[in-house]
Structure formats: structure tokens, C-alpha cells
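Trainee: Could you walk me through the side-chain contacts in this model? I would like to begin with the rings and move to the charges afterwards.

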Amino acid sequence: RQLILADVIGLNPVSLGDNILIDKGEKDGLKEGDIVVAAGNILVGRISQVFTTSAKATLISNSMSRVDALIQETRIRGIIKGKANYGLLMDWLALNEEIKPDQAIITSGLSDLFPAGLLIGRIEQVIFNESDVFKKAEIEPAVDFEKLEKVFIIRWP
């Protein structure tokens, strides 16, 4: 896969956690759907709009974002959803599974949207109510979205 290094040149100050603007675009070979990662193979988001010399990336913390993921140590699957202010929530975790804080969350690779094995974050807290059908977990992102200065773009299918 081809990696392209890009500088973050803008954040959306109105809707925190939604997107970033980078200094690479169509002239650099970017296209919608390319994957955005930080150093260390950490998932940041996907390219959602491409301009001639720049592009907009939708972050995984966007409230409309969904990422098929799994707990690295146990291989338990769930769905990562974005929350306000750069937050992440893992949903659809089976009630009978033992889920613990500090376990690593990675992409599963089961959809065509993201490659397998990209780090998302760590479980911060497990949320469970007696009336729930599934457990949920608050996820501490592996990257500080507000402090991103450089990202890599992975050319994706």
C-alpha cells in the first residue's frame, strides 16, 4: 500500500470531533475513502472530500462514523461509534463476554472500509445496565485528535 505524509492544516472549531483538513489532495493522488492514520498505525479517519491541493478527513470520532472493531486480547467484536468532543464508544458487545478496562481496540478488517489491525484505543470503562441487550465501553482514543499535526494517508482500494 502507498503511504502519503500530510500536514493537518485545519480543524473544524464549530463541531469538535468531526473532521480535519490536510494539505494533500487530488494532485497527490488522494481519493475519497482513503484511510487516515497517525504514526504508530493509529486509525484517525477516512478522506471524505478531495480538492485539488487539500482534502477533508472525517474523523472516527464523528457521530456518524462507524468502525467494525475487536478487542485485541480476546477477539470480541463490536462497533466503534463517534461521540461529541472526540469521544469514542464501543457498542454491540455480548453480555456474556468478560470485558475489562485497558484492553486494546483494533480494526477487525471485516468490512471493506478499513484494513485489519489498526489501533483505535483502549477500553476506559465498561457500561452495562440490567435492561440492556448489549454491553458498551467508553474508549480512550489512541491519538489526541486536537493535537494532530501530521498524518499518513493509506491509498485504499
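**Rings and charges**

Trainee: How does Trp-92 count, at 47% relative accessibility?

Mentor: Trp-92 counts as partly exposed at that 47%, a class lying between buried (under 20% relative accessible area) and exposed (over 50%), with a 1.4 Å probe and protein chains only. Please note that the model is predicted: local features need pLDDT of at least 70, side-chain atom pairs count only at pLDDT 80 or more, and totals for chains, interfaces and linings use all residues. Residues are numbered from 1 along each chain as its sequence is written, and side-chain values use heavy atoms, with hydrogens and water left out.

Trainee: How many aromatic pairs does the rule give?

Mentor: The count is two; rings of Phe, Tyr and Trp (its six-membered ring) pair if their centres lie within 6.5 Å, and planes under 30 degrees apart are stacked, over 60 edge-to-face, the rest tilted. Tyr-86 and Phe-145 are stacked, with 5.8 Å between centres and 15° between planes.

Trainee: Where do Tyr-86 and Phe-145 sit along the chain?

Mentor: Tyr-86 is in the loop between strand 7 and strand 8 (87-93), and Phe-145 is in the loop between strand 11 and strand 12 (150-154), 59 residues apart. Strands here are DSSP runs (E, at least two residues), numbered from the N terminus. Tyr-86 and Phe-145 are both buried.

Trainee: And what about Trp-92 and Phe-134?

Mentor: Their ring centres are 4.8 Å apart and their planes meet at 50°, so this pair is tilted. Trp-92 belongs to strand 8 and Phe-134 to the loop between strand 10 (119-127) and strand 11, so the pair ties together parts 42 residues apart in sequence. Phe-134 is partly exposed, at 30%.

Trainee: On to charges: how many salt bridges does the structure hold?

Mentor: There are 10, each a side-chain nitrogen of Lys or Arg within 4 Å of a carboxyl oxygen of Asp or Glu. One of them joins Lys-83 to Glu-138, at 2.9 Å from N to O. Lys-83 lies in strand 7 (residues 77-83) and Glu-138 in strand 11 (residues 135-141), so parts 55 residues apart in sequence are tied together.

Trainee: Which residues are linked in a network?

Mentor: Salt bridges link Lys-31, Asp-34 and Arg-155 in a network. The closest N and O atoms of Lys-31 and Asp-34 are 3.1 Å apart. Lys-31 is partly exposed at 27%, whereas Asp-34 is buried at 0%.

Trainee: What lies over the face of Phe-114?

Mentor: Arg-46 does, at 5.6 Å from the ring centre; the rule asks for NZ of Lys or CZ of Arg within 6 Å of the ring centre and within 35 degrees of the ring normal.

Key:
Helices (H or I, at least four residues) and strands (E, at least two) are DSSP runs, numbered from the N terminus.
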